[in-house]
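Biologist: Before we talk, please put the sequence and the structure on screen. I will ask and you will answer.

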Amino acid sequence: MTDERATSTAAPAGPTGKAGASVSGGGSVAAPGGSVAAPGGSVAAPGGSVGGGASGASGDPGGVASAGAGASVGPGRGDSGDPAAEQAARIQQLVTEIETEIGEAPLDVVAEIEGDAVPSIEGLAGGRQAAEENARVEAAVRQILVEIGEDPDRPGLRGTPERVHRMYAELTAGYRVDPDRLVNGAIFPVDYSEMVVVKDIPFYSLCEHHLLPFFGTAGVAYIPKGRVIGLSKIPRIVEMYARRLQVQERLTQQIADFLMERLEPKGVGVVIEATHLCAVMRGVRKPGTVMTTAAVLGLFRSNDKTRAEFFAHLERRPPAP
Ligand code: ZN
């Protein structure tokens, strides 16, 4: 593998307060794929055309954004009273939102889904098997409550197993995102060979060691070799990998590898800064500690100047509104 990871721990400067992805580029270019509805953030084009703003947005990249986003699948959506089917519909909607632009019609084809084997969405969608799976997860959560000395039957906890089950399904919806659908038609031939940088992309993920959140921002850059990807797709790629059980190093690498594979650019750089609740809430208890990881491929790896330019872009904060 061609990975190069520099993992370091930097001081405070928590990720809070910089919601909203922003973009800077080496020159001006019409934003390919123009219209931008990045999850949890907005993207400005390299030339500064597409209005950014809205950084007050909660910064929840998972924010279930509005209607339009591919009216969803799932049998008996909402009206069946079948919780398993409702859950499946909710997850499918999330997945569709990551895969498609607002207003863009989702594809019909359900292609092979990348990543580790996970139960298909159909598996979640009702049926006795699904009901049994739900029951198992919920029984397990209930058992945790008992083990920590709680009374799972007291009113506040009665719905907790079901809520926790639902939450984990949503927070790991990235396993079900189909990268082909995500990229769908958003790679364009362009005669542009300067660095494209999308930074301050907010994300939330779950540490696979503790199932606790880690969250922060990602900065992604590449140097095109005849092809570019729609700017709004980059936050979605981050989202696809963040909504899984992760370690920060792998998340960083997967984003870089994905762009390298799909775009075959001259190089890719990804830097992620994140706060890990498993470090903050327990153990070292140093609130504000931010971990930084980087993955650099191609020119970003071989050329010091390119790498320096990338990091300089990341340093540059957007002007205050
Ligand atoms: Zn952890």
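**Loops, core and confidence**

Modeller: Leucine 211 sits in the loop between E4 and strand E5 (213-223). This is a predicted model.

Biologist: Is leucine 211 buried or exposed?

Modeller: The cut-off for exposed is 12 or fewer C-beta neighbours within 10 Å. Leucine 211 has 12 inside 10 Å, so it counts as exposed.

Biologist: What is the phi of leucine 211?

Modeller: Most residues other than glycine have a negative phi. Leucine 211 is not a glycine, yet its phi is positive. The value is near 55 degrees.

Biologist: Aspartate 200 also has a positive phi. Which strand holds aspartate 200?

Modeller: Its phi is about 55 degrees, although aspartate 200 is not a glycine. The strand that holds aspartate 200 spans residues 196-207. That strand is E4.

Biologist: Does aspartate 200 count as buried or exposed?

Modeller: A residue is buried at 20 or more C-beta neighbours within 10 Å. Aspartate 200 has 25 inside 10 Å, so it counts as buried.

Biologist: Turn to helix H7. How many of its residues are buried?

Modeller: H7 covers residues 233-242 and is mostly covered. Charged residues are on the buried list too, including Lys233, Arg236 and Glu239. The count is 10 of 10.

Biologist: What does isoleucine 234 contact, leaving aside neighbours within four places in sequence?

Modeller: Isoleucine 234 is one of the buried residues of H7. Beyond four places in sequence, its contacts are Val198, Ile201, Val220 and Ile229.

Biologist: Which residues touch the most other members of the largest nonpolar core?

Modeller: That core has 55 residues. H7 supplies Ile234, Ile237 and Val238 to the top group. The full group is Ala218, Val220, Ile234, Ile237, Val238, Ile255 and Val270.

Biologist: Which helix gives the most to this core, and where does the core lie?

Modeller: Helix H1 (residues 83-99) gives the most, with eight residues. Domain 1 (8-62 + 187-315) and domain 2 (83-101 + 114-176) both give residues to the core, so it lies between them.

Biologist: How many residues of H1 are buried?

Modeller: H1 has 17 residues and reaches 24 Å from first C-alpha to last. That is close to the 24 Å expected at 1.5 Å a residue. H1 is largely enclosed by the rest of the structure, because the buried count is 15 of the 17.

Biologist: Now the strands. Which residue in E9 stands opposite glycine 269?

Modeller: E8 (residues 267-276) and E9 run antiparallel, joined by eight bridges. E9 (residues 290-298) is mostly covered, with seven of its nine residues buried. Opposite glycine 269 stands valine 296.

Biologist: What share of the chain's residues is buried?

Modeller: The chain has 11 helices and nine strands. Among contacts between residues at least 6 apart in sequence, 72% join residues at least 24 apart. Of the 321 residues, the buried share is 42%.

Biologist: Where does pLDDT stay under 50?

Modeller: The chain averages a pLDDT of 74, and 63% of the residues score at least 70. Where pLDDT is low, the predicted coordinates should not be read in detail. The stretches under 50 include residues 1-21 and residues 24-78.

Biologist: Which element has the highest mean pLDDT?

Modeller: Strand E1 (residues 8-10) has the lowest mean, 39. The highest, 98, belongs to strand E7 (residues 245-246).

Terms used
Residues numbered from 1 in each chain as written. Predicted model: local features only at pLDDT ≥ 70, side-chain atom pairs only at ≥ 80, totals over all residues. Helix = DSSP H or I, 4+ residues; strand = E, 2+ residues; numbered from the N terminus. Core = buried A, V, L, I, M, F, W, Y, C linked by C-beta atoms within 7 Å. Domains from an automatic or database assignment. Contact = placed C-beta atoms within 7 Å. pLDDT = per-residue confidence, 0-100. Expected span 1.5 Å × (residues − 1). Pairing = 2+ DSSP bridges.
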